[in-house]
Structure formats: C-alpha cells, structure tokens
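Please look over the sequence and the 3D structure below. The report that follows walks through loops, backbone details, chain folds and cores.

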Amino acid sequence: MAEIEMVMLREKIRTVVILLENEAPRTCEAILNFLPQELDFINGCASGAEALAYLDPPNIVRIEEENLERHPIPGDVAYWYARGPVNPKGSYAGTSTTDYAELIYFYDRKARSTGINLFGRMTENLDEFCRASHRIRAEGPIRILIRKLE
Amino acid sequence: MNGVCLARRIEIDISELNFSARAFLLEDEAPKTCEAVWRALPIEGKVIHTDFSGMMLNLALKDEALFNLPRENEVKVVRPRDITYWYSYWVKPGLIRGMDEFAEIGFVYGEAHPRNFWDEEIVSLFAVVEESSESLMKLGKTVRRTGGKEMIMRKV
C-alpha cells in the first residue's frame, strides 16, 4: 500500500496519507509521479474547511474524474481539475489563463464539494494537522512538502 | 436633484495593501444598520476571506453595540461593491465556529452567494463601495492568497 507524507514546513507538523490505489488508481499513479512538491495551501472560498494548492501550468497534472466524492470528511486528500479557460472574474486566484488543477485536503466536517477525486486518507496526526489548517484564512497560506514514503 | 449625493460616507483602509476606498451608506433602505455602524466608527479588525460565500471578505465585529441589529434591506443576491451586515443569532442562537453571538460585515468583490455550511443566508445590504470593481477584485484575491489583513473603517 503506497503512502505519502505531508509536512507543514514552518509549523513542523507531519501527517501520513494512505493512497486509495484500488478506488482511484489513475489519480494515485499520477500524483506519485508528480511528487515531491512544495506547495502553498490556501483556503477554499465556497467549500468550507477545504485547503487547496493550485497546480498551474506548466506544473500541472491532468487526470479524469475518478472515485468522485461529494461529502468529504477531515483527512480526505483529493484532486480536482478545471478544464478552463479560466474566467478572470471568477474566484480562481492562481496564474493560469488556460486550465488548472488543485490538490486538496479537508480539515473539518463543515465542508462540501461538487465532486473531487478522492485518492488518499490521512492516518497520523490528524487533529494537529487540521487544527493548524484552521488558521489559513486569517494568517495566510501554509507551505506543505509532499513526498512519497518508501 | 442636482446630481449631488448627500449620503453619509465611510472610508475603508487596508494600509498593508495600500488600499483605500469610499462607500456611501444606504440610509433610506437600512437606516438602523447605517446609524449603528456610523456611531461605532472607527471600526478596526482583521478582514479575512469567506470560506462558503464565494468572492467576499468578512470583518468580524467585536463591539456588542453592533450585535442584534434588525434585518433591513434584506438580500440573498449580492453584487460586487455591496457591503452587508449579518448577525449570527438571526440563523440560530448558539455556537457558530466555536463562538457565541457575533456579527460581521461583508465586502463583496465578485460572484458571491451569502451562505453558511447549512444553507443560504439573508444579509442586510447597507452600503455600496464607490471605487471600481476591479480594485476590489484585486484586493479580494490578494487577501485570499495571502491571508487576513488589518482594516479600519472610519467616517468621511
């Protein structure tokens, strides 16, 4: 069973994520090939307790819908693709003008989703990781290192 | 009418972002909200991005004189430049986000639908920003990317 780790670099908080390779094989494979990455996670603006990092071209992974989840819970790790072109008047706050993708995790029950590729579950240190994520809206993005665990 | 607008105005400043804008109060449509806000000025606090309502910033109000204002000029549909008021006990008394009884001012900078986790919200529309929507859009996206910023609202 493949695992990745997510480490908040400034806060020094780490969690381990088990990949759901049976349910989301293509997403898991693509994400594993994409790692390691250091990404800045900001808060979603319509989904509640959702932290997301933009994967803007050229640093993008394009994956079709798989294992769609609309009722996320804390510790869910997911992927979402926006086909584009980007609407400059929309809520997207990244640098792409074409398409983009997001790496996402959820840190509280008060979250909702229109459908994301659920591909991982946090298994360690969930409370501390989620508690720190509550501060993103007020204090700014959290930089997270994501890499494979051998 | 000679085209001169006599409405009272407020100024909104976020010095860290070198942002300043003026807004006029909708005193005919929301007289009690406008009066209460006017009396409470200057209002200071950290404006943060909403997490459910879309392209909108929120300023939590700490002054209890601004709690429990009546609903006025109620709207569900908001547009960029709208400034709104919302009070938590309108929805349900008790804890929300771990806090009892609180109120907040909303600043709409793009497509937004006031709501909480459970449902849509009705808000009191009480002021409108005079500056262009583009400057608000830039402000809103900057706050979203970089986190909350200290804001001060004062009388003009």
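P36(A) sits in the loop between helix 1 (25-34) and strand 3 (37-43) of chain A. The peptide bond leading into P36(A) from L35(A) is cis, with omega near 5°. Chain B has a cis bond of its own, from L41(B) to P42(B), with omega near 0°. P42(B) lies in the loop between helix 1 (31-40) and strand 3 of chain B. Most peptide bonds are trans, and most residues other than glycine have a negative phi. This is a predicted model.

**Positive phi outside glycine**

Two residues deserve a check on the backbone. The table sets them side by side.

| Residue | Phi | Loop | Relative accessible area |
|---|---|---|---|
| N125(A) | near 60° | strand 8 (116-122) to helix 2 (126-133), chain A | 36% |
| R81(B) | near 95° | strand 5 (74-75) to strand 6 (82-87), chain B | 28% |

N125(A) is partly exposed because its relative accessible area of 36% falls between the limits of 20% and 50%. R81(B), at 28%, is partly exposed too.

**Two more loop residues**

E64(A) is in the loop between strand 4 (48-55) and strand 5 (68-69) of chain A. Its relative accessibility is 59%, so E64(A) counts as exposed. Leaving out residues up to four places away in sequence, E64(A) touches R26(A) and N117(A). E38(A) is 26 residues from E64(A) in sequence, and their C-alpha atoms are 23 Å apart.

Now turn to S53(B), in the loop between strand 3 (43-49) and strand 4 (54-61) of chain B. Is S53(B) buried or exposed? It is buried, because its relative accessibility is 7%, under the 20% limit. Beyond residues up to four places away in sequence, S53(B) touches C45(A) in the other chain, along with E111(B), A112(B), H113(B), P114(B) and R115(B).

**Chain B overall**

Chain B holds 3 helices and 9 strands. From the N terminus, the order is β-β-α-β-β-β-β-α-β-β-α-β. The C-alpha trace spans about 45 × 35 × 25 Å along its principal axes. A compact globule of 156 residues would have a radius of gyration near 15 Å; chain B has 15 Å, so the two agree. Buried residues account for 54% of the chain. Of the contacts in chain B with a separation of 6 or more, 74% join residues 24 or more positions apart. The accessible surface is about 7,700 Å², and carbon and sulfur atoms supply 50% of it.

Confidence can be stated briefly. Chain B averages a pLDDT of 92, and 97% of its residues score at least 70. The model scores ipTM 0.92 and pTM 0.93.

**Helix 3 of chain B**

Helix 3 of chain B covers residues 133-146. Its 14 residues should span 20 Å at 1.5 Å a residue, and the end C-alpha atoms are 20 Å apart, so the helix agrees with expectation. Its buried residues include L136(B), L139(B), G140(B) and V143(B). Residues three or four places apart point the same way, because an α-helix has 3.6 residues a turn. Just after the helix, G147(B) takes a positive phi of about 100°.

**Nonpolar cores**

Which members of the largest nonpolar core touch the most other members? They are I43(B), I83(B), F107(B), F126(B) and M153(B), in a core of 52 residues. A second, separate core has 51 residues, including F34(A), A82(A), A111(A) and F129(A). Among the contacts of I83(B) are I12(B), A23(B), I105(B), F107(B), L125(B), F126(B) and V129(B).

Technical notes
Residues are numbered from 1 along each chain as its sequence is written. Chains are lettered from A and ligands numbered from 1 in the order in which they are written. This is a predicted model: local features need pLDDT of at least 70, side-chain atom pairs count only at pLDDT 80 or more; totals for chains, interfaces and linings use all residues. Side-chain values use heavy atoms; hydrogens and water are left out. A nonpolar core is a set of buried Ala, Val, Leu, Ile, Met, Phe, Trp, Tyr and Cys residues joined through side-chain atoms within 4.5 Å. Buried means under 20% relative accessible area, exposed over 50%, partly exposed in between (1.4 Å probe, protein chains only). Contact means heavy atoms within 4.5 Å. Helices (H or I, at least four residues) and strands (E, at least two) are DSSP runs, numbered from the N terminus. The expected span of a helix is 1.5 Å times one less than its number of residues. The radius of gyration is taken over C-alpha atoms; the globule rule is 2.2 Å times the number of residues to the power 0.38. Accessible areas come from the Shrake-Rupley method with a 1.4 Å probe; for residues, only the protein chains shown count as cover. pLDDT is the predictor's confidence in each residue, from 0 to 100.
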